[in-house]
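Hi everyone, thanks for making time for this. Please bring up the structure on your screens, and we'll walk through it together.

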Amino acid sequence: MSTAPTSGPWWRHAVCYQIYVRSFADADGDGLGDLAGITSRLPYLARLGVDAIWLTPFYRSPQADHGYDVADYRDVDPRFGDLADFDAMLDAAHSHGLKVIVDVVPNHSSDDHAWFCAALSAVPGSPERARYVFRDGRGDDGARPPNNWQSVFGGPAWTRVAGGQWYLHLFDARQPDFDWDNPEVGDEFESVLRFWLDRGVDGFRVDVAHGMVKQSGLPDQLGSGRGGDLESAMSDTVRPYWDQPGVHEVYRRWNRVLAEYAGDRMAIGEAWVVDAAAMARYVRPDEMQQVFNFQWLEAPWSAAAFRAVIAETFAAVEPVGATPTWVLSNHDVTRVTTRYGGGEVGLSRARAAALAEFALPGSAYVYQGEELGLAQAHVPESARTDPSWFRGSGPGRDGCRVPMPWAGTRPPYDFSPDGAATWLPMPSDWAALSAASQDDDPDSTLTFYRRALGLRRDLLGALGDRLEVLDRSEDVLALSRAGDPGLVCVLNCGTTPAPVGDLGEPLLTSEAGAVADGRLGPHTGAWFRG
Ligand code: GLC
């Protein structure tokens with residue numbers, strides 16, 4: 001298996017750190033993260049060894065979906081700062097050598113967006129309504145929704161407004177969908193991209209990139225799809241609103257816009273599509289540069305599952321000349337240590353999986369807190385804030401969004417100044433997980449991440465583009481990356497020590513002492529010189 005070489009545009013082999021802005025660092029003491037907080041923590045990220053940061057939405061928004069409901073795409077929400085804070089953060093990030101990716105949310109706006117407010121006060125059939133998906137209801141009195149589509153967050157995807165029409169919202173009722181058949185919408189988003197490109201951002205993460213274009217005539221959804229949880233609701237492509245062929249025209253246009261700017265600007269799509277082949281359509285040479293490889297994140301802790309995802313990924317991206325991406329967690333899914341079984345074992349497995357991720361050709365996305373080994377936090381019902389939880393779709397996402405513990409022995413662990421109430425409560429037992437307490441500990445997850453990323457950076461120049469999956473026992477994943485020197489990564493997904501073969505001394509292991517007597521302990525991984 002091979003992919004494009006490690007030379008070329010920066011994003012081809014970058015490690016990008018996802019900052020969930022609300023929960024990263026709070027400079028002004030209101031319990032909510034902000035841009036100045038990010039600026040203050042950039043030295044930490046530079047030392048961690050990542051190449052880029054991706055910021056979740058910080059635009060003006062009533063925060064009905066924590067910023068994924070944008071009221072003004074060209075301004076910073078006062079909760080997070082202002083445009084001057086953004087510019088200062090961007091400059092500082094660049095001076096640390098970090099690229100900056102911002103989120104763009106094109107499927108829907110907030111119901112507070114000026115366009116939607118105008119649509120509400122305009123009459124049916126007006127140009128104002130034509131920017132969104134307004135339709136008459138079914139039945140004599142129009143009291144039934146226009147079709148049977150369900151919101152990803154649960155419940156009907158339609159809400160009726162005064163005067164009788166219904167509007168479409170694939171997510172919360174406060175997130176009306178744009179009508180991408182209306183050329184005004186495409187023009188507006190080109191202008192929004194240019195606004196941030198002109199300010200100097202290096203790329204965009206495209207929210208719900210497989211949405212936007214709906215099947216013409218808005219036909220009923222046939223069948224019930226793959227299931228009711230949020231991830232299935234997002235990825236079930238038999239639905240007439242996901243992965244429609246017309247959406248690719250949008251990315252062809254954006255590709256041309258990005259190409260006008262110097263510096264290898266890029267876009268990465270959040271497209272929860274059904275398989276790797278569908279994913280690859282988003283990264284054809286004239287579309288987006290990258291797409292999240294959610295198959296990696298969805299794989300269980302299993303060498304066979306990892307092997308299958310790796311093979312499928314390369315088979316899909318190679319024909320279109322794209323490089324793969326790898327992601328273990330983000331702000332929408334249960335934290336990886338918890339998914340892998342929780343406790344010590346879950347953490348060991350997560351560290352080992354990170355080693356595999358960083359050994360693979362392509363680019364990796366790390367979600368804040370992964371480097372501290374954070375587990376899904378328990379958030380009491382009374383403190384829940386996630387609209388998907390309130391609308392009844394699955395366990396909710398608050399538990400992976402709890403603020404970062406930076407230092408100190410009790411909440412808010414220096415996320416906010418002492419005494420501030422954080423927007424989600426922080427667990428009382430996170431003191432040992434804080435960045436400060438892991439800083440000097442040679443065995444901590446933070447130290448391990450720093451070593452792995454540092455070594456990856458050192459090795460990258462010598463590593464070629466070829467990856468071979470070595471034949472080992474069923475429970476062992478063994479990857480060989482060609483180069484001079486090359487890199488071999490071995491993961492033991494079994495429950496007993498496994499022989500690693502004649503690989504010499506490990507360069508790095510996911511746990512101290514993981515390799516002993518030529519055997520790799522269970523739930524661990526190791527890098528060797530190839
Ligand atoms: C994406 C975001 C998620 C948000 C949804 C609606 O999936 O990652 O957080 O709720 O889109 O914008």
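Where in the protein is confidence lowest, and where is it highest? Keep in mind that this is a predicted model. The low point is helix H6, residues 230-235, with a mean of 65. The high point is strand E1, residues 15-19, at 99. Taking the protein overall, the pLDDT averages 95, and 96% of the residues score at least 70.

Okay, on to the domains. The protein is divided into domain 1, which covers 15-107 + 200-439, and domain 2, which covers 108-177. Their C-alpha centres lie 28 Å apart. Where the two domains make contact, domain 1 puts in 30 residues and domain 2 puts in 30 residues.

Now let's look inside. In general, nonpolar side chains in soluble globular proteins tend to be buried together. Here, the largest nonpolar core has 151 residues. Which of them touch the most other members? Those are Tyr 17 and Leu 45. And where does this core sit relative to the domains? Domain 1 and domain 2 both give residues to the core, so it lies between them. Apart from that one there's another core, of 14 residues, including Trp 166, Leu 170, Val 208 and Tyr 241.

Next, a pair of helices. Find helix H12, residues 343-359, and helix H15, residues 445-460. Their axes come within 10 Å and cross at roughly 10°. What does that say about how they run? An angle under 35 degrees counts as roughly parallel, so H12 and H15 are roughly parallel to each other. If you want to see the contact, on the H12 side click on Leu 347, Arg 351, Ala 354, Leu 355, Glu 357 and Phe 358. On the H15 side, the residues are Thr 445, Phe 448, Tyr 449, Ala 452, Leu 453 and Arg 456.

Now some backbone oddities. As a rule, most residues other than glycine have a negative phi, and most peptide bonds are trans. So let's go looking for exceptions.

Start in the loop between helix H13 (387-390) and helix H14 (435-439), where you'll find Pro 412. The peptide bond from Pro 411 to Pro 412 is cis, with omega near 5°. Then comes Tyr 413, also placed in the loop between H13 and H14. Its phi is near 45°, a positive value in a residue other than glycine. Asp 414 is in that H13 to H14 loop as well, and its phi is positive too, near 70°.

So are these two buried or exposed? Tyr 413 has a relative accessible area of 1%, so we call it buried. Asp 414, at 43% relative accessibility, counts as partly exposed.

There's another cis bond to show you, from Asp 484 to Pro 485, with omega near 5°. For that, look in the loop between strand E15 (476-483) and strand E16 (487-492), where Pro 485 lies.

Last stop: Glu 260, in the loop between helix H7 (247-259) and strand E10 (266-269). Glu 260 has a relative accessible area of 54%, so this residue is exposed. How far is its C-alpha atom from that of Arg 194? The two are 66 residues apart along the chain, and their C-alpha atoms are separated by 10.0 Å.

That's my tour, thanks for listening!

Technical notes: Residues are numbered from 1 along each chain as its sequence is written. This is a predicted model: local features need pLDDT of at least 70, side-chain atom pairs count only at pLDDT 80 or more; totals for chains, interfaces and linings use all residues. Side-chain values use heavy atoms; hydrogens and water are left out. pLDDT is the predictor's confidence in each residue, from 0 to 100. Helices (H or I, at least four residues) and strands (E, at least two) are DSSP runs, numbered from the N terminus. A nonpolar core is a set of buried Ala, Val, Leu, Ile, Met, Phe, Trp, Tyr and Cys residues joined through side-chain atoms within 4.5 Å. Buried means under 20% relative accessible area, exposed over 50%, partly exposed in between (1.4 Å probe, protein chains only). Domain bounds come from an automatic or database domain assignment. Axes are lines fitted to C-alpha atoms, for helices over the stretch in contact, and angles run from 0 to 180 degrees between N-to-C directions. Angles under 35 degrees count as roughly parallel, over 145 as roughly antiparallel, 65 to 115 as roughly perpendicular and the rest as oblique. Contact means heavy atoms within 4.5 Å.
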